[in-house]
Amino acid sequence: AAANSLWPTMPEDVQAMAARVMGGRWYTCPNGHAYYVDMCGRPTVIQRCAECGAEIGGTDHNLLQTNRDLMDVGPDLYQRTVFEDNSERGLCLRSAAQDAEDRYYSVRGLTAAGVRMLRLVMHSAMLAGCCASRA
């Protein structure tokens, strides 16, 4: 049961989190890089993809033929893209070296200190549970 659970302080699905926070509609450039359009959710200008330089967006609320509407929300205005949360299940921690590189790492809206404190409490409880079950 624990292997399929979402644990506090574990990394979350970044794309689903960004869609929740930023709202708007999400699309991809011809090379599959995601971008979003706020306000009405339909493109009104042609820009360049920040990752590959391909044309993104469109004009007059019409998406470029080479771009794709993520989750196929459709052509209506003021619709939001909603992603399924595909966060990893179970206890999935970064290595100690990765944590040491980024002292300010935080997840799910917690501060960096809050993440580390909650992990300490959570792991202490798991250790106590293991010791108690062996006694």
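## A glycine in a turn

Let's start with a small detail: Gly 53 has a positive phi near 85 degrees, and it belongs to the hairpin of β3 and β4, where six residues lie between the strands. Keep in mind as you look around that this is a predicted model.

The strands on either side of that turn are β3, residues 46–48, and β4, residues 55–59; they run antiparallel and are joined by three bridges. You can find two of the facing pairs yourself. Gln 47 has Ile 56 of β4 as its bridge partner, and Arg 48 stands opposite Glu 55 in β4.

## The sheet around β4

Follow the chain past β4 and you meet another hairpin. Two residues separate β4 from β5 here, and Asp 60 takes a positive phi near 50 degrees. Strand β5 covers residues 62–63 and pairs with β4 in the antiparallel sense over two bridges. Across this pairing, Thr 59 stands opposite Asn 62 in β5.

Put these pieces together and you have an open sheet of three strands, in the order β3-β4-β5, with antiparallel pairing. Which strands stand at the edges? They are β3 and β5: each has a single partner strand, so one side of each is left without a neighbour in the sheet.

## The sheet around β1

Now look for the other sheet described here. It is an open sheet of three strands in the order β2-β1-β6, and its pairing is antiparallel. Here β2 (34–37) and β6 (68–69) are at the edges; each has a single partner strand, so on one side each lacks a neighbour in the sheet.

Four bridges hold the antiparallel pair β1 and β2, with Arg 25 standing opposite Val 37 in β2. These two strands form a hairpin with five residues between them, and Gly 32 in the turn has a positive phi of about 90 degrees. On the β6 side, two bridges join β1 (residues 25–28) to β6, and the two strands run antiparallel. Thr 28 has Arg 68 as its bridge partner in β6.

Where do the side chains of β1 go? In a regular strand the side chains alternate between the two faces of the sheet. In β1, Arg 25 and Tyr 27 point one way while Trp 26 and Thr 28 point the other way, and all of them are buried.

## Two residues in loops

Next, step away from the strands to Val 82, which sits in the loop between β6 and α2. Is Val 82 buried or exposed? Its relative accessibility is 62%, and because residues over 50% count as exposed, Val 82 is called exposed. In sequence, Val 82 and Trp 26 are 56 residues apart, yet their C-alpha atoms are 8.9 Å apart in space.

Arg 108 lies in another stretch of loop, between α2 (96–101) and α3 (112–134). With 33% relative accessibility, Arg 108 counts as partly exposed. The reason is that this category covers values between the 20% and 50% cut-offs.

Which residues does Arg 108 touch, leaving aside its neighbours within four places in sequence? It is in contact with Leu 6, Met 10, Pro 11, Glu 12, Asp 85 and Ser 87. Take Met 10 as an example: it is 98 residues from Arg 108 along the chain, but 8.2 Å separates their C-alpha atoms.

## The whole chain

Finally, zoom out. The chain has three helices and six strands, and from the N terminus on they follow the order α-β-β-β-β-β-β-α-α. Its C-alpha trace spans about 70 × 30 × 25 Å along the principal axes. The radius of gyration is 20 Å, whereas a compact globule of 135 residues would have one near 14 Å.

How much of the chain is buried? Of its 135 residues, 31% count as buried. The exposed area is about 8900 Å², and carbon and sulfur atoms supply 56% of it. There are 13 positive and 15 negative side chains, with the centres of the two sets 7 Å apart. As for links across the sequence, take the contacts between residues at least 6 apart: 48% of them join residues at least 24 apart.

Key. Residues numbered from 1 in each chain as written. Predicted model: local features only at pLDDT ≥ 70, side-chain atom pairs only at ≥ 80, totals over all residues. Heavy atoms only, no water. Buried < 20%, exposed > 50% of the residue type's maximum accessible area, 1.4 Å probe, protein only. Contact = heavy atoms within 4.5 Å. Pairing = 2+ DSSP bridges. Rg over C-alpha atoms; globule rule 2.2 N^0.38 Å. Areas by Shrake-Rupley, 256 points an atom, 1.4 Å probe, with all protein chains shown as cover. Lys, Arg positive; Asp, Glu negative; His and termini not counted. Charge placed at Lys NZ, Arg CZ, Asp CG, Glu CD.
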